[in-house]
Amino acid sequence: MAYSATLPLSTRKIARCREIARSIGGEVAELVESHSTVGTERAVLRLLGFNDALQWEGLLFPTSNFLVDQLKASERLNEGALFWVANALLSTGLGISELEQRTIKEGFDIGKVAPFDKSKVAKLANQLAKDSFRKLVQYRKTRSGLKRKLHDPVSEKRPLKYVIVATGNIFEDVTQARAAVMDGADAIAVIRSTAQSLLDYVPQGTTTEGFGGTYATQANFRLMRQALDELGQEQNRYIRLTNYCSGLCMSEIAVLAALEGLDFLLNDAMYGILFRDINPRRTLIDQHFSRLICGVSDIWIMTGEDNYMKTTDAKESGDQVLASQFINEVAALNAGMTHEQMSIGHAMEMDPSYKKVILYEIARAQMTRQIFPKCPLKYMCNTKYKTGDIFTSHAVDTVFNFIGSFTQQGVLLLGMPTEAVHTPFLQDRSLSIRNANYILNGSLGISNEFGYRSDGEISRFAQKVLDDALKLLEKIDGMGLLKSIEKRYFADVSRTVEGGKGAAGVFPVERKNYLNPFFELMGSKI
Amino acid sequence: MKAELDLKSLKPYGDTTGDGSVQMSFTLPVEPTPKAREAATLIVREWGFTDIKIAHMSKIGENYAFFVVFARCGKSIDYTKVHVPELSTEKRTYKEIDQIIVVKIKRPIRLVGACTGYDAHTVGLDAILNMKGFDGDIGLERYRGFRVVNMGSQVPTSDLIDRAVKEKADAILLSKIVSQKDIHVSDMRELTGKLKKRGLENRFILVAGGPRVTHKLALELGYDAGFTIGARPSDVANFILEKMLAKLDSTGDNEGTKKKKSKGET
């Protein structure tokens, strides 16, 4: 019998999976090429600087929404929002912020400005896009400067410790985040208020009331970023900030995250389609634009395959997860992202009562590690089989931390003993981090010490998952991604192309008339 | 000799019958100092415990101290006088439930669920209804025998009723997570009150769920059942199925044969 530091996985089969995934990605590429959405257009406006809001029918309504609604009403969306902003600027002689203020204060309507000379408009539009793009590049440089100046835990060659805060009040979140960082957390995720992904606008301002989480707003991003930067200085450690970039404002959240220096975004159209019933076309188009922004801003995207395991038997659904990871990889590559920016997601979600479950979990985690060698994998703790027995829960989390260390995952989404009871108390999070500190510190470098039996149970399981994923990808390629979603290939959920929330926000565009220079500036392969 | 267990004076058990041993942990918003340790002891004593042992005190972040405490509980209750109405449902698997629905009910059972009022916490509702379910027990959406409408959170009570009427629902599932100022109780009352006003009080099987919802409370408020933390989708499914079967037995009523309209709205 032979032992090796890696599992004996067929490189030919892995390459074949990638080839098929590229073919599957073609369907999404065609969709992105020939359509835009109200969300993507609002993101363009936000990139240009339209990030204020106006009081409208008792709501604080973002100007980006207001402007896109104006363009929709005047049937001008097909040229893209940028075109009509440039048109309005030329015709009025105003700057962006003056135009925004006139919209807010005087109800100025960019949908009603007479069309200016087309080539002049296009020239200005291109200039505006370039200016905004340069700003993003500048923001990224500021962040990478900070990472160099402070100690960056990524250099420690151990998984990052990621914990959530979810009080609903951004100021209380800061308190909880500070304590977590002092205990040793590397990344803070501010959980969003329940169902924010279904809002078709981004709320404005700092917020102190949320449900099961805190609203993702630009002001909240800024407040937490500032707190973590200050704390990072004190601790001489770069602390990463995470939020959620899915749902109806996917690409807009990406813009706000880029402007406010976030490091990670949970970003996965498939999650929105399957678990939030967002219209598939809407969110796949928005996802592409959001990933362009993430790539340029060096924000790691975190994909949501871990969720499939919560709805299906995780021991049986490894093929769906792997197939989806390949599809997500292609979508990110098409948006010009690097593998180092892809925090490909998966989880330890098999039923803990299965015999040899730990062997199978190691097999899947190691397999994923080997198939995506450059990606900082996002590894999620068990949540599905947690009940309220906080002590057993803590034991499961310990095993999770160990497998994460043993298989060199990129980011560990630490489990909380009180998972399935409440959003974490200060002490729950502290216990969770102490657990991870012990395991990660105590097992540092352990993966270099052991090998896998080539004919062992772990190898066999991993090989089977890869084989099954290859078969599944072939089937998906045969019928197309959208059709396979309808046919319940993922997570046992069926969604149709026309169904779901936000379908009305998708519209066809002709590339020769539609203006969005960000695609080219940001290195889109579509 | 082992002490006799006295059910008229029931206490927690550590290693000696009647010792009243309790373990607890909590955080105080102060630095972990000898003063904080004493404060923790005093707080636990204030709660009526004796033999207080602060087993562990450590620092969390800044200005927080975490405690693990063991103590004896001096108070007891008379177990023979505890009364809890129990939901006695058979434990069938989802496949068995689906099968019975096909054979006996002969049509999907229609459910409408919502979190009403200001409650935006759908975690309980989703745990029962969503595909993924809870603790490895799949959600009702996944059953072939249930047609589920999950209205989500912050649904006005009258909208919930309107929808249940429109969908010709067999059962309404109300989830109440938030319980500050007993808001769960008043929201539960609001549903039964509004149903009554519209003459619909007997139309639907009413099921409530939430961390502070008990079966006893639910019955008191006019519901058919209450489920709390730990309840699984299959528990709810079994209950609703049994109610449906009981209705079938009493009226022979399933849609195939149903002709007469109920008194209320349609």
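Before you click on anything, one term: two residues are in contact if their C-beta atoms, placed from the backbone, lie within 7 Å. Keep in mind, too, that this is a predicted model.

**Stop 1: a helix across two strands**

Select residues 170–183 of chain A, which form helix α7. Now add β5 (160–165) and β6 (187–190) of chain A, and you will see that α7 lies across both. Its direction makes an angle of about 155° with β5(A).

**Stop 2: the sheet**

Next, widen the selection to the sheet that holds β5 and β6 of chain A. The sheet is open and has nine strands, paired in parallel. Walking across, you pass β10, β9, β8, β7, β6, β5, β13, β12 and β11 of chain A in that order. Two strands stand at the edges, β10 (342–343) and β11 (345–347) of chain A; each has a single partner strand, so one side of each has no neighbour in the sheet.

Zoom in on the β10 edge. Strand β9, residues 300–302 of chain A, runs parallel to β10(A) and is joined to it by two bridges. Which residue of β10(A) stands opposite A:I301? Color A:M342 and you have found it.

**Stop 3: helix α11**

Select residues 280–297 of chain A to bring up helix α11, which has 18 residues. From first C-alpha to last, α11(A) reaches 25 Å, close to the 26 Å expected at 1.5 Å a residue. Is this helix largely enclosed or not? A residue is buried if 20 or more other C-beta atoms lie within 10 Å of its own. By that count 18 of the 18 residues of α11(A) are buried, so the helix is largely enclosed by the rest of the structure. Step on to A:D298, which follows α11(A) and has a positive phi, near 55°.

**Stop 4: a glycine in a loop**

Go to A:G505, in the loop between α18 (481–486) and β15 (506–508) of chain A. A:G505 counts as buried because it has 23 C-beta neighbours inside 10 Å. Leaving aside residues up to four places away in sequence, A:G505 touches A:T37, A:V38, A:G39 and A:R282. Try a distance as well: the C-alpha atoms of A:G505 and A:S36 are separated by 8.5 Å, though these residues are 469 apart along the chain.

**Stop 5: where chain A meets chain B**

Finally, show both chains. Here 20 residues of chain A are in contact with 20 residues of chain B. On the chain A side, α7, α12 (308–311) and α16 (426–442) each supply at least two residues. The largest share, four residues, comes from α7(A). Color this side of chain A by residue type and you will find seven nonpolar, seven polar and six charged residues.

Terms used: Residues are numbered from 1 along each chain as its sequence is written. Chains are lettered from A and ligands numbered from 1 in the order in which they are written. This is a predicted model: local features need pLDDT of at least 70, side-chain atom pairs count only at pLDDT 80 or more; totals for chains, interfaces and linings use all residues. Two strands pair if DSSP finds at least two bridges between them. Axes are lines fitted to C-alpha atoms, for helices over the stretch in contact, and angles run from 0 to 180 degrees between N-to-C directions. Ala, Val, Leu, Ile, Met, Phe, Trp, Tyr, Cys and Pro count as nonpolar, Asp, Glu, Lys and Arg as charged, and the others, Gly among them, as polar. The expected span of a helix is 1.5 Å times one less than its number of residues. A residue is buried if 20 or more other C-beta atoms lie within 10 Å of its own, exposed if 12 or fewer, and partly exposed in between; C-beta atoms are placed from the backbone.
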